[in-house]
Structures are given as structure tokens and as C-alpha cells.
Amino acid sequence: MGAEPIVVIGAGAAGVTAAIFAASTGRRVLLLERTRDGGRKILISGGGRCNVLPAEVDPARYVTESSPNTLRKMLLSWPLPEQREFFEREVGTRLALELETGKLFPASNKARDVRDSLYALAWRRGVEMRFDTSVEDVQPAGTEGSWRVRSTDQVEVAASSVIVATGGLSVPATGSDGTGLMIAKRLGHTLHPTYPALTPLLAAGAPHAPLAGVSLEVSIHAPARKNGVSARGGFLFTHRGYSGPAVLDVSHMAVRAEGRAAQPILVQWSLLDAAAWERTLAGASTGLVVTLLRRHLPDRLAGALLEEAGVPGDRSAAQLRRDERARLVETLTRYSLPWTGDEGYKKAEVTGGGVALGEVDPRTLESRVRPGLFLCGEILDAFGPIGGYNFLWAWATGRAAGRGAAAR
Ligand SMILES: Cc1cc2nc3c(=O)[nH]c(=O)nc-3n(C[C@H](O)[C@H](O)[C@H](O)COP(=O)(O)OP(=O)(O)OC[C@H]3O[C@@H](n4cnc5c(N)ncnc54)[C@H](O)[C@@H]3O)c2cc1C
């Protein structure tokens with residue numbers, strides 16, 4: 001065992017996993033965490049329940065500016081069934097599947113159990129944890145392969161290798177403010193431009209404020225010249241705009257667009273597509289259109305959409321003029337959301353962009369720019385949709401980095 005420890009910076013999902021796997025080899029591991037308690041994103045995740053993993057994973061749903069192939073290799077380096085087993089057997093957190101969503105949560109439904117059990121495992125494996133320690137710089141030391149890690153209180157720690165697991169820029173109150181990204185950049189890494197992802201959208205003038213609180217299942221499509229994005233899931237009207245998993249999943253398309261016109265976000269409000277609505281309207285000769293709509297949509301939304309389509313509330317389906325029917329079907333199936341902005345990093349669940357994946361070895365997560373430096377988790381240029389995909393990325397890359405650093 002070398003005298004100098006492996007230093008892990010950041011005790012979030014990726015950092016604690018890296019520390020556990022590095023320490024499991026018998027190496028000395030020091031985990032430095034800026035906040036008083038660490039793991040704050042785990043605590044607030046999944047509405048306080050922590051969606052630890054998805055039941056199934058589709059690598060094509062991740063977003064990166066780097067090579068999707070490299071992303072895939074990193075992601076699949078720790079197969080999902082093995083990750084589940086790790087939580088159940090080693091961390092000691094039983095997972096339960098939520099059938100409607102395909103998400104895995106701790107059986108206790110308490111995010112705190114996930115964070116505390118991971119920390120307990122880290123301690124059992126001999127990881128030394130230092131809280132209230134904010135790292136501001138990492139530099140190679142003179143001797144081959146050694147490092148100096150300096151914190152804001154000017155304390156310097158010598159390290160045999162360094163794992164940077166400082167997250168991105170989302171929800172800075174949890175401790176991730178981008179310092180790690182700056183450290184990686186100073187050490188010569190390329191950063192793909194960062195942006196808030198999985199964040200609620202805003203609509204100037206709050207045209208849908210009267211619908212605030214209405215939630216439903218929708219399909220959303222954000223078309224693009226190259227790769228459009230589609231999502232199906234919950235949609236929530238808020239006082240300021242739109243939220244819910246389906247909105248968050250496509251929000252990066254809006255965030256990265258230069259203006260509203262640049263990125264339409266189209267909503268199909270129910271399971272019925274245009275052809276199904278045409279058939280439904282054609283088949284209903286009597287009864288008000290609004291009554292028909294209410295069979296498939298929340299009452300308040302049915303009324304609002306009818307009004308937006310310019311169809312009088314007292315029309316029956318049989319009385320609909322051809323142009324009214326066309327506008328109504330368009331409104332019901334390709335409604336262009338009048339978004340004008342987004343909630344930014346304050347509410348973003350993750351950060352898009354980050355350290356280019358091509359600059360780390362996909363097997364060990366060791367920097368190709370600075371040997372002995374390892375990067376894992378949200379600091380890397382990748383994020384996935386809602387549903388446990390982002391923790392999956394953090395656990396998989398954290399484990400690979402921990403093992404990689406220990407094997408060096
Ligand atoms: C509200 C919310 C809900 C979410 N829910 C889910 C969910 O249910 N399922 C899911 O899969 N994903 C979810 N996510 C996303 C998930 O939390 C992140 O993808 C994941 O936590 C990233 O892990 P990380 O370890 O890379 O970064 P982080 O969790 O951000 O951890 C980074 C750590 O590094 C520390 N740090 C930063 N800079 C320094 C420094 N200079 N010195 C020392 N320490 C430092 C920070 O304090 C922090 O503890 C959610 C995110 C949010 C914001």
C-alpha cells in the first residue's frame with residue numbers, strides 16, 4: 001500500500017461509489033467533501049424517495065456531444081442487474097420496482113437510507129471522509145504520478161491519484177458549483193459547453209396560470225433538423241410554465257435553442273393521435289364536443305383547449321365545421337407549447353455538456369490528458385432522461401474510476 005492515498009473529490013453518488021470501489025482493493029482512500037454532510041442530491045432526488053435505477057436501460061436515450069459509442073461503453077461497463085445486486089447485497093438497500101413508471105426506489109421510499117447506507121459501506125471499507133473541505137486546486141506534484149490537492153483553507157493533501165467527482169452546475173445549493181469543471185479545464189481538459197438539463201420551462205405572461213396544478217400523461221415531441229427528442233410521461237402546469245417528467249426530458253432542446261421559434265415543443269395531450277381523434281369526432285354525432293374531450297382530458301384543460309382552438313363550447317361534434325375540426329385536432333395532438341424560457345440551473349436535475357468523453361479511457365475513466373487523474377459522474381459530458389438514468393451513470397462511472405485508480 002502506497003503512503004499517499006487516492007483522493008476522491010466530492011461525496012455525491014459518483015464520488016462515494018468511486019471511494020467504495022477503490023477502498024475495496026485495500027488502498028488508502030480519502031474522500032473530500034465541501035458540504036457539512038454530503039450526498040445532498042441523493043437526499044432530494046426522486047422527490048425525497050431517490051429513484052436509484054431504472055428497471056431497464058436504453059443507452060440511446062442519453063445525450064452527449066461526445067461519441068455515443070464511448071458513452072455506451074462507459075454506461076454498460078456495470079450491467080444493470082449487477083448494480084441492483086450491489087445495492088441489495090453490499091449496500092444493504094432493498095429496491096422495489098414502481099410498476100407504472102419502471103423506476104426502482106428503495107423499499108423504504110427514503111432517499112436518506114440510500115445516502116446513509118452508501119456512506120456506511122464506505123466507512124466499513126475504510127474510506128476516510130473529510131467534510132467542510134472545499135477543494136480549489138489540483139496540481140501534479142514534481143514526482144512522477146503524484147498530486148497535490150489544495151482546499152480553500154489552504155490545507156494541502158498529497159495524493160497518489162485523484163478522482164474528480166464534483167458534479168456539474170445544477171442545484172448549486174447541493175454543493176456543485178462547477179469548481180470541478182474549472183479544475184479539469186485548468187488541467188487541460190476540453191469542456192463541451194454546459195447547460196441546464198431536465199429543467200422546467202417558463203412561459204412569459206403565464207398564459208396557462210389558471211391551469212396551474214393540472215397534471216396528466218402526455219406525449220411530447222421536440223423536432224430538430226438532426227435528432228428530434230420524444231418523451232411520454234407526466235406533464236404539470238405550473239404558475240410560471242410547465243414541468244413534469246415529459247417536459248423535463250425534452251427541456252434541453254428548448255434550453256439550447258436560440259429563441260422560441262427555433263424550437264417548437266409539440267404536445268399530444270392524450271393517448272389519441274390525430275387519426276384517432278378524427279375517428280372519435282366523426283363517430284360522435286350527438287353531445288357536446290367538450291363532453292367528448294373530457295373523456296380523455298382533465299375538465300379544465302378540455303375547456304381551455306377548446307377555447308384556444310376557437311371552437312365554441314356549445315358545438316356538438318356533428319356541428320363542427322371542417323376548419324374547426326382541423327384546428328381542434330391540431331390543438332389536441334400537435335399543440336405548440338408557448339414556452340419562452342427555462343428555470344435554469346436552480347431547478348435543473350442535471351447539467352448537459354462537461355468534460356469530453358473522448359478524453360478519458362472508457363474502461364478506467366483515467367484522463368488521457370493527465371494520467372493519474374480520473375473523472376466520473378455528472379462532470380462528464382452525458383446525461384440521461386428522468387427515471388434513474390442519471391444515478392445509473394454516476395454509479396457506473398464512479399465504480400470504473402474507483403477501480404481504475406486503485407489498479408494504477
Ligand atoms: C432535484 C433532483 C432530483 C433528482 N432525482 C434523481 C433521481 O431520482 N434519479 C436519478 O437517477 N437522478 C436524479 N437526479 C440527478 C442525480 O442527482 C445526479 O445525476 C447525480 O447526483 C450526480 O452525481 P455526482 O456524484 O456526479 O454529482 P453530485 O451529486 O452533484 O455530487 C457532487 C459532490 O461534490 C461536492 N463538491 C463539488 N465541488 C467540490 C469541491 N470543489 N470540493 C469538494 N467537494 C465538492 C458537492 O458538494 C457534492 O457533494 C436528481 C437531481 C436533482 C437536482
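Which residues does the domain assignment give to domain 1, domain 2 and domain 3? Keep that in mind as you open the model, which is a predicted one. Domain 1 takes in 6-195 + 351-407, domain 2 takes in 200-265 + 337-342, and domain 3 takes in 274-336. Try giving each domain its own colour before going on.

**The whole chain**

Start with everything selected. The C-alpha trace spans about 85 × 40 × 35 Å along its principal axes. The radius of gyration of the chain is 24 Å, which agrees with the value near 22 Å for a compact globule of 408 residues. Switch to a cartoon view and you can look for twelve helices and 20 strands. Buried residues make up 48% of the chain. Among contacts with a separation of 6 or more, 73% join residues 24 or more positions apart.

**Where domain 1 touches domain 2**

Now show just domain 1 and domain 2. Their C-alpha centres lie 29 Å apart. At the place where they touch, five residues of domain 1 are in contact with seven residues of domain 2. The side that domain 1 brings to this contact has four nonpolar residues, one polar residue and no charged ones.

**Around the ligand**

Next, centre the view on the ligand. Which residues come nearest to the ligand? They are Gly10, Gly12, Gly167, Gly175 and Gly377, out of 39 residues around it. Helices H1 (13-23), H2 (40-44), H6 (179-186) and H12 (389-407) are the elements that give two or more residues to this shell. Select H12 for a closer look: with four residues, H12 gives the largest share of the shell. Colour the shell by class and you will find 14 nonpolar, 20 polar and five charged residues.

**Three loop residues**

Go to Asn109, in the loop between strand S5 (103-106) and helix H5 (111-124). Asn109 counts as partly exposed because it has 14 C-beta neighbours inside 10 Å. Add Ser45 to the selection: the two C-alpha atoms are 11 Å apart, although 64 residues separate Asn109 and Ser45 along the chain.

Move on to Ala206, found in the loop between strand S12 (201-202) and strand S13 (215-222). Ala206 is not a glycine, yet has a positive phi of about 40°. Is Ala206 buried or partly exposed? Ala206 is partly exposed, because 15 other C-beta atoms lie within 10 Å.

Then pick Leu365, in the loop between strand S19 (350-355) and strand S20 (373-375). Leu365 also has a positive phi, near 65°, in a residue other than glycine. Leu365 counts as buried, because it has 31 C-beta neighbours inside 10 Å.

**Two hairpins**

For the last stop, select S13 together with strand S14 (residues 229-237). These strands pair in the antiparallel sense over eight bridges, and a hairpin joins S13 to S14 through six residues. To see one bridge in detail, show Ile220 and its bridge partner in S14, Ala231.

Finally, add strand S15 (residues 241-243), which pairs with S14 in the antiparallel sense over two bridges. How many residues lie between S14 and S15 in their hairpin? Three residues do. Leu236 is a good residue to label here, with Ser243 of S15 standing opposite.

Conventions. Residues are numbered from 1 along each chain as its sequence is written. This is a predicted model: local features need pLDDT of at least 70, side-chain atom pairs count only at pLDDT 80 or more; totals for chains, interfaces and linings use all residues. Domain bounds come from an automatic or database domain assignment. Two residues are in contact if their C-beta atoms, placed from the backbone, lie within 7 Å. Ala, Val, Leu, Ile, Met, Phe, Trp, Tyr, Cys and Pro count as nonpolar, Asp, Glu, Lys and Arg as charged, and the others, Gly among them, as polar. A residue is near a molecule or strand if its C-beta atom, placed from the backbone, lies within 6 Å of it. A residue is buried if 20 or more other C-beta atoms lie within 10 Å of its own, exposed if 12 or fewer, and partly exposed in between; C-beta atoms are placed from the backbone. Two strands pair if DSSP finds at least two bridges between them. The radius of gyration is taken over C-alpha atoms; the globule rule is 2.2 Å times the number of residues to the power 0.38.
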